[in-house]
Structure formats: C-alpha cells, structure tokens
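This report is meant for a reader who is meeting the structure shown below for the very first time. It begins with one residue and then widens to the chain as a whole.

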Amino acid sequence: MKKLLLSPLVILIGVVVILALWVMSAYNGLVALDQKALSQWGQVENAYQRRADLIPNLVETVKGAAAFEKDTFTQVTEARAKVGQINLGNNPASDPEAFAKFQQAQDGLSSALSRLLVVVEKYPDLKATQNFRDLQVQLEGTENRINVERMRFNEAAQGFNTKRMSFPTVILANFLGKRFQEKAYFKSQPGAETAPKVQF
C-alpha cells in the first residue's frame, strides 16, 4: 500500500522539480537577453551622445563663415534640444511610444544636420578649412557608428523578442508582465523607401 502511495508522490515531486528548473532556465534566459539588449541600447546612446557633442562645434565653425544662415542654425539647435528633452527611463525599448518619440527626435536632428551640410556647400572657403574638415569627418564617422549600433541593437532586440515569444516562454513572460515586454526596433525614416530623384 505504501509503495502505491509513494509512486504518485515521487512522480508529482519529479514534475514539480522539472517545472521549477524550466521556469528558472526560462527566466534566466530572458534576463540574459534583456541585459544584452539594454547593453546594446547603451551603445546606441553613446553614439547619439557623441553626435550631440560634435554638433555645437560644427555649428560654431559654420557660423563664422555663414553668419546670415540663422534659420538653419536655429533648426539644428532646436532639434538637438528636443533630443535632450526625451526621457526614456530604464528600459526604453519596452515602451513603444517613448521609443517612437526618441526615434522621431533623432530623425529630426539628422534632417537638420543634412540641411546644415547643404548650407556648407555654398561656402567653398569653409569646406577648405582644416577645422571644418576634421569636424565633418568626425560627424560622418559618428553617423556610421550610429547606424552600426542601431543595427546591433535591433539584432539584440530580435534575439530577446524571439525568446520571449517562443512557446512556452511566452507564458512566463506574460505572467511577469512589464518586466519582459517586447522590445521595439529602430526603423528607417518615413519616406526612406522612395529613391531620391537626382537631377542634373
């Protein structure tokens, strides 16, 4: 009789132990991928910060040669200020609305910088100065870093989202609520799918 009672009890304990091990493994896997995505997000922020730090130097260099292009300088300064006002919290990619605002502000700054570089084309003397060339090279390098870091972040977010949405991990992730929300991805600027028209 005791053997009959022990057998289901042993099976029940075995099932509970296996379930507990699975929960621990799934949770630890989500934590590792979440931390990887957050670490990569830090790299994205570093690249954007480098660009934000270069902009005042670039604007001041251009101002000296193109003092009457005030609208362009104002747009660049305002776009940089908007980027600095956005607070994304601890886990930015888990809040799609805040993430979209951040990306919109960064896209606005990229657009303003493009307009500034168009202004520079009107001033060949400015393009010839060593200071400006150095700043332009640094800015181009930073833009490339931003693209690379955004791509790496998207890869980290994809790894997290794939694990999070896989069955049965999705059950645990949904049970834990906001702790393991799906990560947002960086997307191209609106209109990027249309090839620019080149006219000669």
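## A buried tryptophan

Trp41 counts as buried, because its relative accessibility is 4%, and buried here means under 20% relative accessible area. The model in which this residue sits is a predicted one, and every value in this report should be read with that in mind.

## Aromatic pairs around Trp41

The structure holds 10 aromatic pairs. In one of them, the rings of Trp41 and Phe153 have centres 5.4 Å apart and planes at 65 degrees, so this pair is edge-to-face. The two partners come from distant parts of the chain, with Trp41 in helix H1, Phe153 in helix H5 and their positions 112 residues apart. Phe153 is itself buried, with a relative accessible area of 1%.

Trp41 also forms an aromatic pair with Phe186, and this pair is stacked, at 5.7 Å centre to centre and with 10 degrees between the planes. Here too distant parts of the chain are linked, since Trp41 lies in helix H1 while Phe186 lies in the segment after helix H6 (169-176), and the two are 145 residues apart. Phe186, at 7% relative accessibility, counts as buried. Trp41, Phe153 and Phe186 belong, together with Tyr48, Phe99 and Phe102, to one aromatic cluster.

## The overall fold

The secondary structure of the protein consists of six helices and zero strands, so that, read from the N terminus on, the order of elements is α-α-α-α-α-α. Of the 200 residues of the protein, 32% count as buried. Where contacts join residues at least 6 apart in sequence, 79% of them are between residues at least 24 apart.

## Two nonpolar cores

In soluble globular proteins, nonpolar side chains tend to be buried together. In this model the largest nonpolar core has 17 residues, and the members that touch the most others are Ile55, Leu58, Val76, Leu113 and Leu116. At least two residues of this core are supplied by each of helix H1 (2-65), helix H2 (70-85), helix H3 (96-121) and helix H5 (130-165), and the largest share, six residues, comes from H3.

A second core, separate from the largest one, has 11 residues, including Val44, Tyr48, Phe99 and Ile146. Of these, Tyr48 and Phe99 are also named in the aromatic cluster that contains Trp41.

## A buried glutamate

Glu149 lies in helix H5, and at 11% relative accessibility it counts as buried. When its neighbours within four places in sequence are left aside, Glu149 is in contact with Gln40, Gln43, Val44 and Ala47. One of these contacts, Val44, is included in the second nonpolar core.

## The surface

The protein exposes about 12900 Å², of which carbon and sulfur atoms supply 58%. A nonpolar patch on this surface is formed by Leu9, Leu12, Ile13, Val16, Val17, Leu21 and Met24, which together have about 650 Å² of accessible area.

Is Val17, as a member of this patch, buried, partly exposed or exposed? Val17 is found in helix H1, and with a relative accessible area of 44% it is partly exposed, because that category covers values between the 20% limit for buried residues and the 50% limit for exposed ones.

Methods
Residues numbered from 1 in each chain as written. Predicted model: local features only at pLDDT ≥ 70, side-chain atom pairs only at ≥ 80, totals over all residues. Heavy atoms only, no water. Core = buried A, V, L, I, M, F, W, Y, C linked by side-chain atoms within 4.5 Å. Buried < 20%, exposed > 50% of the residue type's maximum accessible area, 1.4 Å probe, protein only. Helix = DSSP H or I, 4+ residues; strand = E, 2+ residues; numbered from the N terminus. Patch = residues over 30% accessible without salt bridge, like charges linked within 9 Å, V, L, I, M, F, W, Y side chains within 5 Å. Areas by Shrake-Rupley, 256 points an atom, 1.4 Å probe, with all protein chains shown as cover. Salt bridge = Lys/Arg side-chain N within 4 Å of Asp/Glu carboxyl O. Contact = heavy atoms within 4.5 Å. Phe/Tyr/Trp six-rings, centres within 6.5 Å; stacked < 30°, edge-to-face > 60°.
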